[in-house]
Structures are given as structure tokens and as C-alpha cells.
Amino acid sequence: MKTIVALLSLGSVMLTAGAAQAQITPTNQYSYIGIAGNVGLTDPDRSVADDGVTVISKIAILNNVSFRPGVNFGGDTSVTLPITYDFAARGRINPYVGAGIVTDSGDTDFLATGGIDYRFSRDFVGNVGLNVGFADDADVGLTLGVGYVFPQGR
């Protein structure tokens with residue numbers, strides 16, 4: 001009888017620990033790396049407007065400040081290096097805006113960015129982002145992707 005009670009207690013503790021571990025903490029303090037599709041909304045052969053596959057990421061610096069480097073592999077390769085302000089998390093939705101630079105084929109230009117992260121599980125985040133590069137004309141690209149959340153920031 002004592003063995004059965006001990007096993008039931010142990011099973012109860014394990015189930016409780018698993019449920020607690022699976023919860024998503026509503027915070028902006030997490031980092032991820034992922035992959036996205038990039039669609040150019042202006043001239044599709046320039047900078048952030050170049051259609052292609054993009055590596056997306058977020059490195060949490062402070063609770064509401066992040067570094068979000070990305071690399072777009074399209075006709076040309078462009079690198080985005082923005083710092084963003086991450087608005088207070090509303091459940092699983094985390095909107096952000098920011099600015100930085102974009103470099104493409106040796107040219108470096110100002111970048112404005114904004115988007116939404118959606119934590120659809122403890123380990124994964126969906127991302128929709130809009131990047132605007134300011135060269136001769138404004139180049140606009142829309143990314144839609146998914147990222148893996150690093151374990152320490154869950």
C-alpha cells in the first residue's frame with residue numbers, strides 16, 4: 001500500500017512539474033533564431049525588397065530592447081542590423097519597432113523595422129516583420145517566418 005501511495009505521489013509531482021514547465025512566460029526576455037520567406041513589396045531586386053529566404057533572429061538585451069540581425073538570401077545578399085523596442089507582451093503577442101542599418105552589395109543604408117512575434121509554443125515563435133530600407137528610394141520587404149526559442153529565455 002505504501003508503495004502504491006509513493007508511486008502515485010511521484011507521478012503527481014512529475015505531471016505537475018511537466019505542466020508548469022510547458023507554460024509560456026509572458027515576457028519579452030527571450031531570444032530565437034529562425035527562417036522566413038521575404039517578399040519584396042517595392043522593387044523586388046533591391047536590398048530588403050529582394051525576394052528570397054531570410055535568416056531571422058532576436059537577441060534580447062533588456063526586457064524591452066532587442067537586437068534583431070537578419071540575412072536575406074535573394075538575388076543579392078542583404079544584412080539587416082536593427083535595435084528594436086519590444087512593447088509589453090500581451091499574452092503570446094509581442095509587437096516591436098526599431099531602426100538600424102541594412103547593407104547590400106557594399107552599400108549601407110538606414111533601416112526602419114516593425115513587426116509582431118507570436119509565441120505559439122514554449123519552444124517556437126512565429127514572426128511577421130516589415131523592413132524599410134532607405135537608399136535612393138524606399139525598399140520595403142515583408143518577412144513571414146518561424147524561430148526556435150533558446151532554452152535559457154523560455
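This passage describes the overall fold, the internal cavity and four selected residues of a predicted model.

Residues are numbered from 1 along each chain as its sequence is written, and side-chain values use heavy atoms, with hydrogens and water left out. Because the model is predicted, local features need pLDDT of at least 70 and side-chain atom pairs count only at pLDDT 80 or more, while totals for chains, interfaces and linings use all residues.

The protein chain contains one helix and nine strands; here helices (H or I, at least four residues) and strands (E, at least two) are DSSP runs, numbered from the N terminus. Followed along the sequence, these elements give the pattern α-β-β-β-β-β-β-β-β-β. The chain has 154 residues, and 36% of them count as buried. In this account, buried means under 20% relative accessible area, exposed over 50%, and partly exposed in between (1.4 Å probe, protein chains only). About 8300 Å² is exposed by the protein chain, with carbon and sulfur atoms supplying 68% of it; accessible areas come from the Shrake-Rupley method with a 1.4 Å probe, and for residues only the protein chains shown count as cover. Contact means heavy atoms within 4.5 Å. Among contacts between residues at least 6 apart in sequence, 46% join residues at least 24 apart.

Next comes the inside of the model. Rolling a probe the size of a water molecule over the atoms shows where empty space is left. A cavity is a set of points, on a 1 Å grid over the protein atoms alone, where a 1.4 Å probe fits but cannot get out, and lining residues have an atom within 4 Å of a point. Grid points are joined across faces, edges and corners, and a volume is the space filled by probe spheres set on the points. The structure holds one cavity of 30 Å³ or more, and the largest cavity encloses about 240 Å³. Its lining is made up of 23 residues, and Ile56, Arg68, Thr80, Asn131 and Thr143 lie nearest the centre. Two or more lining residues come from each of strand E1 (32-40), strand E2 (52-62), strand E4 (70-73), strand E5 (77-86), strand E7 (107-118) and strand E8 (124-134). By class, the lining has nine nonpolar, 13 polar and one charged residues, where Ala, Val, Leu, Ile, Met, Phe, Trp, Tyr, Cys and Pro count as nonpolar, Asp, Glu, Lys and Arg as charged, and the others, Gly among them, as polar.

Individual residues can now be visited. Asp117 sits in strand E7 and counts as buried, because its relative accessibility is 0%. Its side chain makes polar contacts (pairs of N or O atoms within 3.5 Å; within protein, one must be able to donate a hydrogen and the other to accept it, and residues adjacent in sequence count only if both atoms are side-chain atoms). One partner is the side chain of Arg68, at 3.1 Å, and another is the side chain of Asn127, at 2.7 Å.

Ser78, in strand E5, is buried, with a relative accessible area of 2%. Beyond its neighbours within four places in sequence, Ser78 is in contact with residues including Ser47, Gly70 and Val102.

Gly37 belongs to strand E1 and is partly exposed, at 32% relative accessible area. The C-alpha atoms of Gly37 and Gly145 are separated by 6.3 Å, although these positions lie 108 residues apart along the chain as a sequence separation. Arg90, in the loop between E5 and strand E6 (93-104), is exposed, with a relative accessible area of 69%.

Technical notes
On a 1 Å grid over the protein atoms alone, a cavity is a set of points where a 1.4 Å probe fits but cannot get out, and a pocket is an open set with protein on both sides within 12 Å along at least five of seven lines; lining residues have an atom within 4 Å of a point.
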